[in-house]
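Notebook open, structure loaded. I want to know how the pieces of this chain sit against each other, and I'll jot down what I look up as I go.

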Amino acid sequence: MGAIAYALQLLQVLPSLISAGRDVVGLVSQGSAALKTMAAENRDPTDEEWTALNALIEGLQDELHKD
């Protein structure tokens, strides 16, 4: 999957987190930094970047389900 898919996955989780009153600044900052790096290096996300994004999203979603 390419950088656009990475960005879409990042953006898809934002509405539910925002509506639940979660601070999404960290998620947006990390995602933005990763996308800038990918663009600068003219490449798609690495497996490690996908794993980090998925772990971050999973952690935030787990927080939502605790409440």
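**Entry 1, contacts.** Before counting anything I fix the term: two residues are in contact when they have heavy atoms within 4.5 Å of each other. I also remind myself that this is a predicted model. With that cut-off, I took the contacts between residues at least 6 apart in sequence and found that 74% of them join residues at least 24 apart.

**Entry 2, overall make-up.** I looked up the secondary structure and got three helices and zero strands. Along the sequence the pattern reads α-α-α. The C-alpha trace spans about 40 × 20 × 15 Å along its principal axes. I then checked burial: the protein has 67 residues, and 25% of them count as buried. The exposed area comes to about 4400 Å², with carbon and sulfur atoms supplying 56% of it.

**Entry 3, charges.** I set the 4 positive charges against the 10 negative ones and got mean positions 6 Å apart.

**Entry 4, α1 on α2.** For each helix pair I want two numbers, since two packed helices are described by the angle between their axes and the distance between the axes. Helix α1 covers residues 3-19 and helix α2 residues 25-40; their axes lie 11 Å apart, at an angle of about 170°. The cut-off for roughly antiparallel is over 145 degrees, so α1 is roughly antiparallel to α2. I listed who makes this contact: Ala3, Tyr6, Ala7, Leu10, Val13, Leu14 and Leu17 come from α1, while α2 brings Leu27, Val28, Gly31, Ala34, Leu35 and Met38.

**Entry 5, α2 on α3.** Helix α3 takes in residues 47-66, and its axis comes within 11 Å of the α2 axis, crossing at roughly 170°. I therefore note α2 and α3 as roughly antiparallel to each other. On the α2 side, Leu27, Gln30 and Met38 make the contact; on the α3 side I have Glu49, Leu53, Leu56, Ile57 and Leu60.

**Entry 6, α1 on α3.** Which way do α1 and α3 run relative to each other, parallel or antiparallel? I read an angle of about 10° between them, with the axes 11 Å apart. Under 35 degrees counts as roughly parallel, so that is what I write down for α1 and α3. From α1, Ala5, Tyr6, Gln9, Leu10, Val13, Ser16 and Leu17 take part, and they meet Glu49, Trp50, Leu53, Asn54, Ile57, Leu60, Gln61 and Leu64 of α3.

**Entry 7, Asp44.** Next I went to the loop between α2 and α3, where aspartate 44 sits. Is aspartate 44 buried, partly exposed or exposed? Its relative accessibility is 48%, so I file aspartate 44 as partly exposed. What does aspartate 44 touch, leaving out residues up to four places away in sequence? I got Met1, Gly2, Ala3, Met38 and Glu49. For alanine 3 I also took the C-alpha to C-alpha distance to aspartate 44, which is 5.2 Å across 41 residues of sequence.

**Entry 8, Asn42.** Asparagine 42 is also placed in the loop between α2 and α3. I flagged its phi, near 50°, as a positive value in a residue other than glycine. Asparagine 42 has 72% relative accessibility and so counts as exposed. Its C-alpha lies 9.7 Å from that of alanine 3, with the two positions 39 residues apart in sequence numbering.

How values were computed
Residues are numbered from 1 along each chain as its sequence is written. This is a predicted model: local features need pLDDT of at least 70, side-chain atom pairs count only at pLDDT 80 or more; totals for chains, interfaces and linings use all residues. Side-chain values use heavy atoms; hydrogens and water are left out. Helices (H or I, at least four residues) and strands (E, at least two) are DSSP runs, numbered from the N terminus. Buried means under 20% relative accessible area, exposed over 50%, partly exposed in between (1.4 Å probe, protein chains only). Accessible areas come from the Shrake-Rupley method with a 1.4 Å probe; for residues, only the protein chains shown count as cover. Lys and Arg count as positive and Asp and Glu as negative; His and the chain ends are not counted. The place of a charge is taken as NZ of Lys, CZ of Arg, CG of Asp or CD of Glu. Axes are lines fitted to C-alpha atoms, for helices over the stretch in contact, and angles run from 0 to 180 degrees between N-to-C directions. Angles under 35 degrees count as roughly parallel, over 145 as roughly antiparallel, 65 to 115 as roughly perpendicular and the rest as oblique.
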